[in-house]
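These are my notebook entries on one protein chain. I looked up helix packing first, and then individual residues, salt bridges and the metal site.

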Amino acid sequence: MRFQDIVVAGYFQVPCMAETTKLHRDFVDVLLSLTGTDKLSNSDMIAVLWEMIFRGTDTVAVLIEWILARMVMHPDVQSRVHIELDKVVGKSRALAESDLTEMVYLHAVVKEVLRLHPPGPLLSWSRLAITDSTVDGYHVPKGTTAMVNMWAIMRDPDVWVDPLEFKPERFMTMNEGEHVDVCGFGSDLRLAPFGSGRRACPGKTLGLTTVTFWVAFLLHEFEFRPCNERRVDLSEVLKLSCEMVNPLSIRVRPRRSSVC
Ligand code: HEM
């Protein structure tokens, strides 16, 4: 079996399986069903699937790790999420995807982590200076490629009050005065962790829903604590995504008796 076949089979359910069950139409089925000018060759399909896997797994995993790191560092925030979960879901059943719409505080927490720890800090709206130019008093020599540093914008003290403070409340409507009403999907450039415009992340809704669901699920089942009282190290390194230099180590305690 070729590598591409393993990737397609492993992540996106092989078409013949879907044929026999007929229960679910998955992403591969949709690609295979395209006709006319939309029809894709096998190699184009593999390229699309590869891009989705390459862009969609690392970002999601890294963001979940940053969120859990912040939960360990800020037990007050973690306990507020626990209270919200117990109110919306309760302890007698597992979390369902539909519960997420009521998790107002958790959504604010996820936004605040995206603001401080965006998995994709540099956006691809790159611009090439074709002549020597001056921008805002800075000399930009011909041939320079300029990129948008979303990481810096989301920590800019001219844009955010107390930019380095972890304060999910800033995204809560009840927080008068300092409340920032931004959706985070690119219409407001103060918070655009998925980029903006035509090259913005096409997987933003899927990515955000996946992350929010897994974080809610984990926090519903467990309490997260520091490992041996070791401080969480927020040092970051830019690889495929902006990761923690030292991977998070934590202790977990089950919150629902059925989990033990
Ligand atoms: C929380 C998760 C995610 C974050 C933070 C994120 C962030 C980003 C960012 C910042 C970009 C670059 C935008 C730009 O350069 O202006 C991007 C591009 C992209 N993302 Fe995501 N992403 C996430 C999840 C996903 C998922 C789940 C998928 C697919 C299943 C995906 C597919 C892509 C693709 C294909 C591109 C390239 C778009 C292009 O170049 O036109 N992403 N993402």
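**Entry 1. Helix α4 against helix α6.** I began with the axes of helix α4 (residues 42–73) and helix α6 (residues 104–116), which come within 10 Å and cross at roughly 110°. The model is a predicted one. Angles of 65 to 115 degrees count as roughly perpendicular, and α4 and α6 are therefore roughly perpendicular to each other. I then listed the residues that make the contact: α4 contributes Leu63, Trp66, Ile67, Arg70 and Met71, while α6 contributes Val109, Val110, Val113, Leu114 and Leu116. Sorted by class, this contact of α4 with α6 has nine nonpolar residues, no polar residues and one charged residue.

**Entry 2. Helix α4 against helix α5.** Next I looked up helix α5 (residues 75–88), whose axis comes within 5 Å of that of α4. The two axes cross at roughly 110°, and α4 and α5 are therefore roughly perpendicular to each other. On the α4 side I noted Met71, Val72 and Met73; on the α5 side I noted Pro75, Val77, Gln78 and Val81. The class count for the contact of α4 with α5 is six nonpolar, one polar and no charged residues. I also recorded that Met71 of α4 takes part in the contact with α6 and in the contact with α5.

**Entry 3. Ile46.** I stayed with helix α4, where Ile46 is found. Is Ile46 buried or partly exposed? Its relative accessible area is 23%, so I entered Ile46 as partly exposed. For a distance, I took Ile46 and Val28, which lie 18 residues apart in sequence and 9.7 Å apart in space, C-alpha to C-alpha.

**Entry 4. Glu243.** I located Glu243 in strand β7 (residues 242–244). Buried means under 20% relative accessible area, and Glu243 is buried because its value is 18%. Which residues does Glu243 touch, not counting those up to four places away in sequence? I found Asp58, Val62, Trp66, Ser235, Glu236 and Val237. Of these, Trp66 had already appeared in my list for the contact of α4 with α6.

**Entry 5. Val89 and its surroundings.** Val89 is found in the loop between α5 and α6. I entered Val89 as buried, because its relative accessibility is 7%. Leaving aside neighbours within four places in sequence, Val89 is in contact with Ala94, Leu95, Asp99 and His220. The C-alpha atoms of Val89 and Glu102 are separated by 9.5 Å, and the two residues are 13 apart along the chain.

**Entry 6. Salt bridges.** How many salt bridges does the structure hold? I found twelve, and I looked up several individually. Asp99, noted above as a contact of Val89, forms a salt bridge with Arg93, with the closest N and O atoms 2.9 Å apart. Asp99 is buried at 6% relative accessible area, whereas Arg93 counts as partly exposed at 35%.

I then turned to Glu112 and Arg170, whose side chains meet in a salt bridge of 3.1 Å, N to O. Glu112 lies in helix α6 and Arg170 in the loop between α7 and α8, so the pair ties together parts that are 58 residues apart in sequence. Glu112 and Arg170 are both buried. Salt bridges that share partners join Glu112, Arg115 and Arg170 into one network.

Another pair I checked was Arg190 and Asp188, where the closest N and O atoms of the salt bridge are 2.7 Å apart. Arg190 counts as partly exposed, with 32% relative accessibility.

**Entry 7. The metal site.** Which protein atom is a donor to the iron atom of the ligand? I found a single donor from the protein, the SG atom of Cys201, 2.3 Å away from the iron. Cys201 is placed in the loop between α7 (150–153) and α8 (204–221).

**Entry 8. Whole-chain totals.** I closed with the totals. The chain has eight helices and eight strands. Buried residues make up 38% of its 260 residues. I considered contacts in the chain between residues at least 6 apart in sequence, and 63% of these join residues at least 24 apart.

Notes. Residues are numbered from 1 along each chain as its sequence is written. This is a predicted model: local features need pLDDT of at least 70, side-chain atom pairs count only at pLDDT 80 or more; totals for chains, interfaces and linings use all residues. Side-chain values use heavy atoms; hydrogens and water are left out. Axes are lines fitted to C-alpha atoms, for helices over the stretch in contact, and angles run from 0 to 180 degrees between N-to-C directions. Helices (H or I, at least four residues) and strands (E, at least two) are DSSP runs, numbered from the N terminus. Angles under 35 degrees count as roughly parallel, over 145 as roughly antiparallel, 65 to 115 as roughly perpendicular and the rest as oblique. Contact means heavy atoms within 4.5 Å. Ala, Val, Leu, Ile, Met, Phe, Trp, Tyr, Cys and Pro count as nonpolar, Asp, Glu, Lys and Arg as charged, and the others, Gly among them, as polar. Donors are N, O and S atoms within 2.8 Å of the metal (3.2 Å for Na, K and Ca); water is not among the atoms, so sites may look incomplete. Buried means under 20% relative accessible area, exposed over 50%, partly exposed in between (1.4 Å probe, protein chains only). A salt bridge is a side-chain nitrogen of Lys or Arg within 4 Å of a carboxyl oxygen of Asp or Glu.
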